[in-house]
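Me: I would like to go through the labels used for this structure and ask what each one rests on. Please set each value against its cut-off.

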Amino acid sequence: MSDTQRLWNDYAACWSADPADRLAALGAVAVDEVAYRDPGTAVGSLTELAAYTAGFAQAFPGHRFRIDEVLEHHDRSLARWTQLGGQDETASTGISAARHHEDGRLADITGFFLPTQLDE
């Protein structure tokens, strides 16, 4: 497993981390001035991102993210992910792209939600 794959796995775990550990866990994978955006929000610091992930954990109890694939080059990476529900069922899927700080941590993250596939 590459260092970048490990970084994305650790980042994904932050979204369902124990509230007392979340900020420190995020600090291990992202810089203090991390920029994060998805279709529902845009934040510009580690504490704002920690608050946003806490809101996710409250809105989706028992859910977690699994990193399915990571592509990387230069100071950029792309992660394909699956949001899993409490019974490990797929709740949503998406892709997140990031620019990395010179120390390797995430500096700028943009998340995209993929359309839900409907059975015909």
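Reply: What follows takes the sheet, the helices, the pocket and two residues in turn. The model is predicted, so local features need pLDDT of at least 70 and side-chain atom pairs count only at pLDDT 80 or more, while totals for chains, interfaces and linings use all residues. Residues are numbered from 1 along each chain as its sequence is written, and side-chain values use heavy atoms, with hydrogens and water left out.

Me: What makes β5 and β6 paired strands?

Reply: Strands are DSSP runs of E of at least two residues, and helices are runs of H or I of at least four, numbered from the N terminus. Two strands pair if DSSP finds at least two bridges between them. β5 (residues 90–100) and β6 (residues 106–113) have seven bridges, in the antiparallel sense, so the criterion of at least two is met. Within this pair, Arg 99 stands opposite Asp 108. The two strands form a hairpin with five residues between them, and Gly 104 in the turn has a positive phi of about 100°.

Me: How do you know that β1 and β2 are paired, and in which sense?

Reply: β1 and β2 are joined by three bridges in the antiparallel sense, against a required minimum of at least two. Asp 38 has Thr 41 of β2 as its bridge partner, and the hairpin between the strands runs through two residues.

Me: Why is the pairing of the sheet called mixed?

Reply: The six strands form an open sheet with mixed pairing, in the order β2-β1-β6-β5-β4-β3. β1 and β6 run parallel and are joined by four bridges; Ala 35 is bridged there to Asp 108. By contrast, β4 and β5 are antiparallel over nine bridges, with Ala 79 bridged to Ser 96 of β5. β3 and β4 also run antiparallel, with nine bridges, and Ile 67 has Trp 81 as its partner in β4.

Me: Why are β2 and β3 said to stand at the edges?

Reply: β2 (41–43) and β3 (64–73) each have a single partner strand, so one side of each has no neighbour in the sheet.

Me: What is found in the hairpins on either side of β4?

Reply: The hairpin of β3 and β4 has two residues between the strands, and His 74 takes a positive phi near 50°. In the hairpin of β4 and β5, with five residues between the strands, Asp 88 has a positive phi near 65°.

Me: What makes helix α1 packed on the sheet?

Reply: Contact means heavy atoms within 4.5 Å. Helix α1 (residues 3–14) touches β1 (30–38), β3, β4 (76–84), β5 and β6, and its direction makes about 150° with that of β3. Helix α3 (residues 46–59) also packs on the sheet, touching β1, β2, β3 and β4, at about 50° to β1. These angles are taken between N-to-C directions on a scale from 0 to 180 degrees, with axes fitted to C-alpha atoms, for helices over the stretch in contact.

Me: Why is Thr 4 called buried?

Reply: Buried means under 20% relative accessible area, exposed over 50%, and partly exposed in between (1.4 Å probe, protein chains only). Thr 4 has 12%, so the label is buried. Thr 4 is found in helix α1 and touches Val 70, Glu 72, Ser 77 and His 100, not counting residues up to four places away in sequence.

Me: Why is Asp 108 called partly exposed?

Reply: Asp 108 is at 22% relative accessibility and therefore counts as partly exposed. Asp 108 lies in strand β6. Residues up to four places away in sequence aside, the contacts of Asp 108 are Val 34, Ala 35, Arg 37, Ala 97, Ala 98 and Arg 99.

Me: How do you know which residues line the largest pocket, and how are they classed?

Reply: On a 1 Å grid over the protein atoms alone, a pocket is an open set of points with protein on both sides within 12 Å along at least five of seven lines, and lining residues have an atom within 4 Å of a point. The largest pocket is lined by 18 residues, of which Trp 15, Tyr 36, Phe 65, Trp 81 and Phe 113 lie nearest its centre. The lining divides into 13 nonpolar, four polar and one charged. Ala, Val, Leu, Ile, Met, Phe, Trp, Tyr, Cys and Pro count as nonpolar, Asp, Glu, Lys and Arg as charged, and the others, Gly among them, as polar.

Note on methods: 1 Å grid on protein atoms, 1.4 Å probe; cavity = no way out; pocket = protein on both sides within 12 Å on 5 of 7 lines; lining within 4 Å.
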